[in-house]
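Biologist: Could you walk me through one small part of this model? I'd like a close look, in plain words.

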Amino acid sequence: MFIKNQQGVGLLEVMVALMLLAIAVLGYAAMQVRATNVSLEADNQTRAVEFARDLHERMRVNREGMRRFQTTGTYTGGTPSTNCRTTNCTPENLAIFDFDQVQRNAENFAMSIAIHRCPNATAQRHCIYVAWGDTTPTIGNGATDCTDDNNVYRTNAQCTFMESFSYAK
């Protein structure tokens, strides 16, 4: 015999089970999106460190050319006057050429790069900044600056910096 007051209970159970399954699938999808974003950010951080290290090594090899940056508190690039791959260059021209090469590589990944005198440094230390997204490779109190005047990362900054070199007084 069939009891009339239990009609539709099976359908209700199926609907509740489907709703629970839908919530679980949405949670899994949100987790996948977050994992993809974190993976992309980790990839950007790794690339930024590679670009900073590349420029650091080039400048370390060319100590005389690195003096080009001693007179400037900030260097964001310039057009090299000589192609140092095909022509012998002065150390200063090689420094500009090296910076340009690293900057072009960074731009291929939507990153920007700059050299700044490190804030609060006792010697003339310089830092290499690499930024991506809405962040700029700058020091200051603006919303898009990489670090503040104390070299503390800004909230939500998408950048990295590396202390690279200093000059003897």
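Biologist: Let's pick Phe-161: does it count as buried, partly exposed or exposed, and at what relative accessibility?

Modeller: Sure, and keep in mind that this is a predicted model. Phe-161 comes out at 22% relative accessibility, so it counts as partly exposed, because buried would need a value under 20%. Now let's see which rings sit around that side chain. Searching the whole structure turns up four aromatic pairs. One of them joins Tyr-129 and Phe-161: the ring centres are 5.2 Å apart and the planes are 20° from each other, which makes the pair stacked. What's fun here is where the partners come from. Tyr-129 belongs to strand 3 (residues 124-132) and Phe-161 to strand 6 (residues 159-167), so the pair links distant parts of the chain, 32 residues apart. Tyr-129 itself is buried, with a relative accessible area of 0%, whereas Phe-161 is partly exposed.

Phe-161 also pairs with Tyr-153. In that pair the centres lie 5.4 Å apart and the planes meet at 45°, so this one is tilted. Why tilted and not stacked? Stacked planes would have to be under 30 degrees apart, and edge-to-face ones over 60, so 45° falls into the remaining class. As for Tyr-153, a relative accessibility of 40% makes this residue partly exposed. Put the ring pairs together and you get a cluster of Tyr-129, Tyr-153 and Phe-161. So your residue takes part in a stacked pair with Tyr-129 and a tilted pair with Tyr-153.

Definitions and conventions: Residues are numbered from 1 along each chain as its sequence is written. This is a predicted model: local features need pLDDT of at least 70, side-chain atom pairs count only at pLDDT 80 or more; totals for chains, interfaces and linings use all residues. Side-chain values use heavy atoms; hydrogens and water are left out. Rings of Phe, Tyr and Trp (its six-membered ring) pair if their centres lie within 6.5 Å; planes under 30 degrees apart count as stacked, over 60 as edge-to-face and the rest as tilted. Helices (H or I, at least four residues) and strands (E, at least two) are DSSP runs, numbered from the N terminus. Buried means under 20% relative accessible area, exposed over 50%, partly exposed in between (1.4 Å probe, protein chains only).
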